[in-house]
Amino acid sequence: MSTTVPDIAESRGDADVLVVGGGVVGLACAFYLLADGRSVRVLEQGRVGGGASHGNCGTLTPSHAPPLAAPGMIGQALRWMFDPAAPLYIAPRWDPAMLRWLWQVARRCNAGSWHRSGMAKGRLLQLSRALVADLVYGQDLDCGYEANGFHYVFRDPRALEKQQRDLPLLAELGIAAKVLDGAALAADEPALKPGMAGALFFPGDAQLRPDRYVAELARLVRAAGGVIEEGVCVTGCERDRNGITAVHTSEGRRRAGKVVLALGAWLPEFALQLQLPIPIQPGKGYSITYDLPARVPRRPLVLKERAVCVTAWADGFRLGSTMEFSGYDHRLNRVRLDALVRGAGEYLHEPEGPVKREEWCGWRPMCADDVPLIGRAPGYTNLWLAGGHGMMGVGMSAGTGRLLADLIAGREPPIDPAPYAPARFAARGG
């Protein structure tokens, strides 16, 4: 059992809190910490919002609470392993860290672990969904926010029936769902081809433009007095018996009373320097962004059998998703990009827009239990983690920022923080 050590006094250095990572999670943490009256400095190695939050589909989906590590997933993953176009692809290579992570995931492909992780994900997604709405309307965010619900679309009636096994978990969380047959779906969504088996409709889900949302969070941080340094590479840190005393960067030394690591998929690499057990692997996702086609879906869709997410905004249309485990390989895989278009073409009248704007890939920080790490780092007094959000970084961002700020302030958070505690892996040995 770990012993809780009181926080060291606030530093009179560069800020009360250094947030390392200027993606959607880091900026949300900075915003809620600033709201508590703390001074905050954000360090971002690239540009704000240039990581995984740039090219995702921008959905706010409590409906996505069921975790990836589900009963039967091992067999499905093995069937997909040798298909480079499959929704889940593991590139064949010798990677001991990846093998250990896969073993940890496999241990959780059981009903009990699935339920626990699903409840934790769902509560954080619901909290964040509500907080994003508060930010949009309370802070006048210009980010293309729409709350029109979400469709899981199926061509195969057997797949639709199987997916309904998740509904009791969602009902336990209070997440509403409606089963639509093929006729009801066709009437509701004319962008789909005829012959769909049906859909699951989640009226509580929403969407936004992720790049604009991140830009608006950065605006709020700066307006509240926060400092955002872009193009700053963090290379290491100084420690003493009380915790982190300084962070070394390409632009010099930065000091603060507390340090928050919100590094996305790069968190495990930095954590190695600190001897922290962080079971996260980079899962590469892809997206293609177009000008709007003539027939645009009325609300976001997941084309379930092909695992393709479809979102449209007032000025753009995006196909996204897939999961590829190939380390930190930054190359665009043409096979996987083509699979997005081919998969969407099985469902949509117009799977592509008239002009292709961007092909993108980015790494999602995939935690072994599909639940993020939010809280004090084990063995440290003033180091805090906010990472491992998988494909849900945008959807969990505001909830993560609020939860972390509450924990740092010593307040009782709106949801139980225990399922997200980083010490859960140290205590159980992974």
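This is a guided tour of a predicted model, going from the whole chain to helix 1, the nonpolar cores and the aromatic rings.

**The whole chain**

Begin with every residue shown as a cartoon, in which twelve helices and 20 strands can be traced. Along the principal axes, the C-alpha atoms fill a box of roughly 65 × 45 × 40 Å. The radius of gyration is 21 Å, which agrees with the value near 22 Å that a compact globule of 430 residues would have. If you colour by accessibility, buried residues make up 57% of the 430. Contacts can be drawn next: among those between residues at least 6 apart in sequence, 78% join residues at least 24 apart.

**Helix 1**

Select residues 24-35, which form helix 1, and place a distance between its end C-alpha atoms: they are 17 Å apart, in agreement with the 16 Å that twelve residues should span at 1.5 Å a residue. Is this helix enclosed by the rest of the structure or open? Helix 1 is largely enclosed, because eleven of its twelve residues are buried. The buried residues include Val24, Gly26, Cys29, Phe31 and Leu34. Moving past the end of the helix, stop at Gly37, which follows helix 1 and has a positive phi, near 90°.

**The nonpolar cores**

Keep helix 1 in view and add the largest nonpolar core, a set of 53 residues in which Val19, Tyr213 and Val260 have the most contacts inside the core. Several elements each supply at least two residues of this core, among them strand 1 (15-20), strand 2 (40-44), helix 4 (111-138), helix 8 (210-223) and helix 11 (393-409). Which element gives the most to this core? Helix 1 does, with ten residues.

Centre the view on Tyr213 and show what surrounds this residue: leaving aside neighbours within four places in sequence, Tyr213 is in contact with Val24, Val132, Leu141, Cys143, Leu208, Val394, Ser397 and Ala398. Apart from the largest core lies another, of 25 residues, which can be picked out by selecting Val234, Val247, Leu276 and Leu383, all among its members.

**The aromatic rings**

Now show the side chains of Phe, Tyr and Trp; a search of the whole structure finds nine aromatic pairs. One of them is formed by Phe150 and Tyr152, an edge-to-face pair at 5.8 Å centre to centre, with 80° between the planes. Phe150 counts as buried, because its relative accessibility is 0%, and Tyr152 is also buried, with a relative accessible area of 6%.

Turn next to Trp266 and Trp363, whose ring centres are 5.4 Å apart and whose planes stand at 90°, so this pair too is edge-to-face. The pair links distant parts of the chain, 97 residues apart: Trp266 is in the loop between strand 13 (256-261) and helix 9 (267-273), and Trp363 is in strand 18 (residues 356-367). Trp266 is partly exposed, at 31% relative accessible area, whereas Trp363, at 16%, is buried.

Return to Phe150 and Tyr152 and add Phe202, since ring pairs link these three residues into a cluster.

**Charges over rings**

With Tyr152 still selected, show Lys304, which lies over the face of that ring at 4.6 Å from its centre. For the final stop, select Arg209 and Trp313: Arg209 lies over the face of Trp313, at 5.4 Å from the ring centre.

Technical notes: Residues numbered from 1 in each chain as written. Predicted model: local features only at pLDDT ≥ 70, side-chain atom pairs only at ≥ 80, totals over all residues. Heavy atoms only, no water. Phe/Tyr/Trp six-rings, centres within 6.5 Å; stacked < 30°, edge-to-face > 60°. Buried < 20%, exposed > 50% of the residue type's maximum accessible area, 1.4 Å probe, protein only. Helix = DSSP H or I, 4+ residues; strand = E, 2+ residues; numbered from the N terminus. Lys NZ or Arg CZ within 6 Å of the ring centre and 35° of its normal. Expected span 1.5 Å × (residues − 1). Core = buried A, V, L, I, M, F, W, Y, C linked by side-chain atoms within 4.5 Å. Contact = heavy atoms within 4.5 Å. Rg over C-alpha atoms; globule rule 2.2 N^0.38 Å.
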